[in-house]
Amino acid sequence: MRVVVGADDAIATGANLVAEVVAARPDATLGFATGATPAPLYAELARRRQAGLVDFSRAHAVALDEYLGLAPDHADSYAHQLHREVTGPLGIAREHCDFLRGDAPDPDEECVRYERVLARGVDLQVLGIGRNGHIAFNEPGTDVASRTRVVQLAPSTRQANRGLLSTLADTPEAALSQGVGTILEARRILLIARGAAKAEALERALRGPVDPACPASALQLHDDVTVIADEEAAAGLAQAGAIRST
Ligand code: GLP
């Protein structure tokens, strides 16, 4: 596991990794996380694309998760957010984007379909981390072998995410999410954490035992994980002198 701490350095490291994956395989499949955390990474990648430094025209995009019940054209759906903030600015063609359908008539069947999509191979999965240590929508208690499925959201997750939706009452109580086991099958993983609110979760994820109580700790089982964090999110690691690049 490689851990890079710092604001600009960390974002550059993450952008270099994405660019390296696409340079090696122009038709790479990239898994994108939503949320506020990866925004500077996506902005940097869009800047590099504008400058002609990276080309995503043959790349494919997949999603980590989606709110149950929200259609892709719903302004608060993750599909909509990904098109608006990631695949649009990066120039990834719509027909190369295959996201979970929150409004699928049979959500369980949609999760099975998505496992088939992901089984073709994800070259790089970008991840954020929840304050409670969740990755995608895998809440504490999730088995490390879990697959894409319908999940209930923790009250704290609905609370933390409510700013993205109109009101807490409007925030769906369930979602479709890649499982922890599904995420671990990506060839490479890039975990991003920013801000003091993520410090405890990041410390547990990287330094604690692999424990379903902190789903992100399962990343310790993967052999190609890069973590980029700002100083605030890495505070617990720094105090313990545990920042390392291996
Ligand atoms: C949501 C998403 C996660 C994301 C997390 C953190 O719960 N399902 O994929 O990592 O929020 O979001 P943020 O980066 O906005 O803190």
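Reader: What makes the pair between a polar side-chain atom of Thr37 and an oxygen atom of the ligand a polar contact?
Author: The two atoms lie 2.4 Å apart. A polar contact is a pair of N or O atoms within 3.5 Å (within protein, one must be able to donate a hydrogen and the other to accept it, and residues adjacent in sequence count only if both atoms are side-chain atoms), so this pair passes at 2.4 Å. Bear in mind that this is a predicted model: local features need pLDDT of at least 70, side-chain atom pairs need 80 or more, and totals for chains, interfaces and linings use all residues. Residues are numbered from 1 along each chain as its sequence is written, and side-chain values use heavy atoms, with hydrogens and water left out.

Reader: Which other residues come nearest to the ligand?
Author: Thr37 is joined by Ala36, Asp65, His134 and Lys198, out of 14 residues around the ligand; near here means a heavy atom within 4 Å. Ala36 has a polar backbone atom 2.8 Å from a ligand oxygen, and His134 puts a side-chain N or O atom 2.8 Å from one.

Reader: How do you know that the span of α4 is what a helix should give?
Author: Helices are DSSP runs of H or I with at least four residues, strands are E runs of at least two, and both are numbered from the N terminus. The expected span is 1.5 Å times one less than the number of residues. For the 13 residues of α4 (107-119) that gives 18 Å, and the end C-alpha atoms are 18 Å apart, so the two agree.

Reader: Which residues of α4 are buried, and why are they said to share a side?
Author: Glu110, Cys111, Tyr114, Glu115, Val117 and Leu118 are buried, meaning under 20% relative accessible area (over 50% is exposed, in between is partly exposed; 1.4 Å probe, protein chains only). They cover an arc of only 160 degrees around the axis, which puts them on the same side of α4; the arc is taken from the directions from the helix axis to the C-beta atoms. On the other side, Asp108, Arg116 and Ala119 are exposed.

Reader: What makes Asp106 a cap for α4?
Author: A side-chain oxygen of Asp106 lies 3.1 Å from the backbone nitrogen of Asp108, at the N-terminal end of the helix. Just after α4, Gly121 takes a positive phi of about 115 degrees.

Reader: Why is the pair of Tyr67 and Tyr78 called tilted?
Author: Rings of Phe, Tyr and Trp (its six-membered ring) pair if their centres lie within 6.5 Å; planes under 30 degrees apart are stacked, over 60 edge-to-face, and the rest tilted. By that rule there are four aromatic pairs. Tyr67 and Tyr78 sit 4.9 Å centre to centre with 55 degrees between the planes. Tyr67 is in strand β4 (65-67) and Tyr78 in helix α3 (78-90), so the pair ties together parts 11 residues apart in sequence. Tyr67 also pairs with Phe137, again tilted, at 5.5 Å and 50 degrees. Phe137 lies in the loop between β6 (124-127) and β7, so here the tied parts are 70 residues apart. Ring pairs thus link Tyr67, Tyr78 and Phe137 into a cluster.

Reader: Does Thr142 count as buried or exposed, and why?
Author: Buried, because its relative accessibility is 11%. Thr142 is in the loop between β6 and β7, and its side chain reaches the backbone oxygen of Glu139 at 2.5 Å. Leaving aside residues up to four places away in sequence, Thr142 touches Arg149, Val180 and Pro212, where contact means heavy atoms within 4.5 Å.
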